[in-house]
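Me: I have a model open and would like to learn how to read its features one at a time. Could you walk me through it?

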Amino acid sequence: MDGVRSSTASLARACSRHAGRTLAVWGLVLVGSIAALVLVLTGFSSEAAVTNNPESERAEDRVLAAFPADPEREVSDLIVVRSSGLTVDDDEFRVFVEGLVRESRETGVVSNAQTYVDVDDPSLVSANRNATLIPVNISDVDDAGDVIDVVQRADADPEFAVTITGDTTLDFDFNELSARDLEEGELKFGLPAALLILLLVFGTVVAGLVPLLMAIVAIVTALGLVALLTQLFELSIFTTNMLTGMGLALGIDYALFVISRYREERGRGRAPDDAIIASGATASRAVLFSGSAFVIAMFGLLIVPSTIFRSLAAGAILVGITSLAVALTLLPALLGLLKDRVDAGRLPIVGRRSIERANPEGRIWGAIIDRVLRRPAVSLAISTAALVAIALPAFGLNIGTAGVSTLPDDLAAKQGYVALQSDFADQTVNPVHVVVANNSGAVSTALEQLGGELGADARFGSGEILEGSGGVADLVVPVRGDPTGEEAIAAVRDLREQVVPATFEGTDADPLVGGSTSETIDYLDNVTNPAPLVFAFVLGLSFVLLTVAFRSIVIAITAIMLNLLSVGAAYGLLVLVFQNGVGADLLGFQTVDMIEAWVPLFLFSVLFGLSMDYQVFLLSRIRERYDQ
């Protein structure tokens with residue numbers, strides 16, 4: 001440990017004494033990161049694919065091989081046109097639909113727009129004939145906004161209600177929602193709240209701004225690295241949200257810890273350069289261990305065979321590394337330039353006490369700890385009981401995945417979905433595909449029998465059998481409701497595990513069930529089944545790291561148990577607020593019936609990594625005082 005202490009102290013000394021060079025290097029890094037964001041960022045995906053070749057993926061491969069893609073026949077979205085006073089037989093209705101299709105085509109991103117005027121398809125007209133369905137194919141997610149604008153302008157007509165929903169519209173809305181959450185969460189709330197807390201903690205403007213600046217540098221650098229990764233891998237749209245949140249937490253924490261120690265050393269009479277070196281030997285050492293614990297916890301997520309987990313893990317690992325690099329190099333250089341000017345801009349009241357007179361440990365916290373240590377058993381019992389009580393709602397955790405029905409009501413895809421369920425409940429752009437490789441004899445009979453059974457099943461709609469090349473047949477059956485909703489998932493899971501095997505028993509069909517809902521089932525299984533392995537990986541490596549850092553098995557076990565208790569409490573609050581709606585309106589959150597499947601496992605790794613930060617910070621200072 002002495003080697004680690006001396007290495008972090010030497011690094012702090014070198015960066016502070018060559019502050020100009022260090023800042024110049026980081027300036028080049030920032031310029032390169034911004035250039036990467038502008039020039040090479042290829043965009044993000046809202047899809048959550050799995051990487052272990054599940055049944056849905058094998059079914060999709062079989063369909064693509066037997067039915068070559070035809071852009072002129074593909075359908076990605078559905079436009080619903082409804083009138084309360086007109087029917088599809090009225091000329092005014094027909095003229096309106098033709099104008100809507102013409103304007104949609106003029107955007108240049110819509111193909112294969114079919115209407116009841118062009119084709120004789122009864123499924124495009126509602127039973128009461130006052131609504132029609134327009135299947136369209138939108139070529140690119142980024143261009144879906146142009147079509148949504150056309151639909152919303154048409155919806156302004158008081159005689160008609162026009163909505164759109166489907167895969168491309170849904171992906172576009174998810175992207176918009178992610179950007180909105182980033183703006184309203186991290187940018188509108190996270191940054192101002194962090195700045196306010198820092199100003200109250202330090203009492204000076206400069207000291208309060210430096211940690212925020214360090215976090216921003218770490219975030220921008222990590223985003224630049226993410227931009228480079230998009231050249232090699234497809235990353236989730238949620239990567240930026242997670243990276244920004246983790247970057248603020250880590251960057252501010254590390255800078256706060258180092259600056260506080262620097263000010264404390266100056267208050268003890270050390271010269272500025274010596275104070276920086278002392279901070280490097282103590283606070284920077286703790287930062288190195290805590291940052292390593294966080295990165296290790298994030299590596300556990302790479303075990304999960306899901307693109308969204310690997311995207312989130314990649315973003316978290318990169319921002320963890322950049323936050324460490326900033327705290328260990330850029331921050332000492334900045335302190336070397338600022339020296340005592342880090343306390344410039346002293347605030348009234350909270351900043352009136354000088355560094356020399358201030359108690360670095362704080363009177364309030366000292367009083368709290370004093371009372372805790374007087375009755376440690378009672379304090380332990382009360383705090384543990386409170387955390388356990390908060391954790392109890394976690395047993396009601398309902399896991400699922402976000403779909404069109406969980407979107408806010410003001411988004412286009414949600415409005416279109418509601419209209420579709422009202423007038424065309426049997427129609428969807430995400431049907432179930434039962435694909436067989438040998439469509440002859442008994443297999444063909446079984447497939448027809450299955451189609452009849454599903455047509456009579458209230459959970460599905462009337463299906464159609466398509467003949468492809470190589471003897472492949474595809475039974476295409478709509479599933480009712482949200483394709484990623486609980487009812488659809490339960491129906492398709494039953495189809496995969498019970499109905500299809502029983503129907504094709506004794507044949508050589510090798511049936512595969514594909515489609516969007518089948519993909520969701522594979523995704524859910526792949527992000528929940530590896531949980532024990534991820535827990536073992538994170539807990540095991542954390543135990544080793546803590547044992548090495550503090551040379552005590554008891555300390556390592558105690559820290560892990562406390563972290564698990566805090567994670568359980570976080571799960572309980574997650575269920576209380578987001579699933580049960582306790583305080584959701586007050587906080588401006590949307591209540592949902594289930595928690596996104598990737599959240600619990602990801603939350604475990606993130607919380608374990610972050611709470612380990614605080615364990616290391618506290619224990620390293622306790623160990624330092626003990627050694628003294």
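Me: Let me start with a single strand residue. In β9, which residue is the bridge partner of Val434?

Reply: Happy to help, and keep in mind that this is a predicted model. As a general idea, strands of a sheet pair through backbone hydrogen bonds, either parallel or antiparallel. In this case, Val434 has Val513 as its bridge partner in β9. The two strands involved, β6 and β9, pair in the antiparallel sense over 3 bridges.

Me: And in β8, what is the bridge partner of Val434?

Reply: In β8 the partner of Val434 is Leu475. Next door, Val435 has Asp474 as its bridge partner in β8. Strands β6 (residues 432-436) and β8 (residues 473-477) pair in the antiparallel sense, over 5 bridges.

Me: In what order do the strands of this sheet come?

Reply: The order is β7-β8-β6-β9, an open sheet of 4 strands with antiparallel pairing. Its edge strands are β7 (464-467) and β9 (512-514), each of which pairs on one side only. From one strand to the next, the twist averages 25°.

Me: Which helices should I look at around the sheet?

Reply: Try two of them. Helix α3 (residues 55-66) lies across β6, β8 and β9, and runs at about 90° to β9. Helix α14 (residues 442-455) packs on the sheet as well, where it touches β6, β7 and β8. The direction of α14 makes about 5° with that of β8.

Me: Why can β6 be called largely enclosed by the rest of the structure?

Reply: The reason is burial: 4 of the 5 residues of β6 are buried, so the strand is largely enclosed by the rest of the structure. For Val434 you can list the surroundings. Leaving aside neighbours within four places in sequence, Val434 is in contact with Leu447, Leu450, Ala473, Asp474, Leu475, Leu495, Val500, Phe504, Leu512 and Val513.

Me: How should I read a nonpolar core, and which residues touch the most other members of the largest one?

Reply: In soluble globular proteins, nonpolar side chains tend to be buried together. Here the largest nonpolar core has 113 residues, and those touching the most other members are Met298, Phe309, Val434, Phe460, Leu495, Phe504 and Phe602. Helix α10 (residues 307-338) gives the most to this core, with 16 residues. Apart from it lies another core, of 37 residues, including Val150, Ala154, Phe160 and Ala419.

Me: Now a loop residue. Is Val342 buried or exposed?

Reply: Buried is read from the relative accessible area, with a cut-off of under 20%. Val342 has a value of 1%, so Val342 is buried. Val342 sits in the loop between α10 and α11 (363-374). Not counting residues up to four places away in sequence, Val342 touches Thr204, Val206, Ala207, Ile259, Tyr262 and Leu335.

Me: What separates the C-alpha atoms of Val342 and Asn580?

Reply: They are separated by 45 Å, with the two residues 238 residues apart along the chain.

Me: Let me try polar residues. With which side chain does the side chain of Glu264 make a polar contact?

Reply: Its partner is the side chain of Arg268, at 2.8 Å. Glu264 is found in helix α8 (residues 239-267). Glu264 is buried too, with a relative accessible area of 10%.

Me: Where does Gln579 lie, and is Gln579 buried or exposed?

Reply: Gln579 lies in helix α18 (residues 553-579). With a relative accessible area of 14%, Gln579 is buried. A polar atom of the Gln579 side chain lies 2.8 Å from the backbone oxygen of Gly396. Leaving aside neighbours within four places in sequence, the contacts of Gln579 include Gly396, Leu397, Asn398, Thr591 and Ile595.

Me: To finish, how many helices and strands does the protein have?

Reply: The secondary structure comes to 20 helices and 10 strands. Along its principal axes, the C-alpha trace spans about 90 × 55 × 45 Å. Of the 628 residues, 49% count as buried. The accessible surface comes to about 28900 Å², of which 60% belongs to carbon and sulfur atoms. Among contacts with a separation of 6 or more, residues 24 or more positions apart account for 80%.

How values were computed. Residues are numbered from 1 along each chain as its sequence is written. This is a predicted model: local features need pLDDT of at least 70, side-chain atom pairs count only at pLDDT 80 or more; totals for chains, interfaces and linings use all residues. Side-chain values use heavy atoms; hydrogens and water are left out. Buried means under 20% relative accessible area, exposed over 50%, partly exposed in between (1.4 Å probe, protein chains only). A polar contact is a pair of N or O atoms within 3.5 Å; within protein, one must be able to donate a hydrogen and the other to accept it, and residues adjacent in sequence count only if both atoms are side-chain atoms. Two strands pair if DSSP finds at least two bridges between them. Axes are lines fitted to C-alpha atoms, for helices over the stretch in contact, and angles run from 0 to 180 degrees between N-to-C directions. Contact means heavy atoms within 4.5 Å. A nonpolar core is a set of buried Ala, Val, Leu, Ile, Met, Phe, Trp, Tyr and Cys residues joined through side-chain atoms within 4.5 Å. Accessible areas come from the Shrake-Rupley method with a 1.4 Å probe; for residues, only the protein chains shown count as cover.
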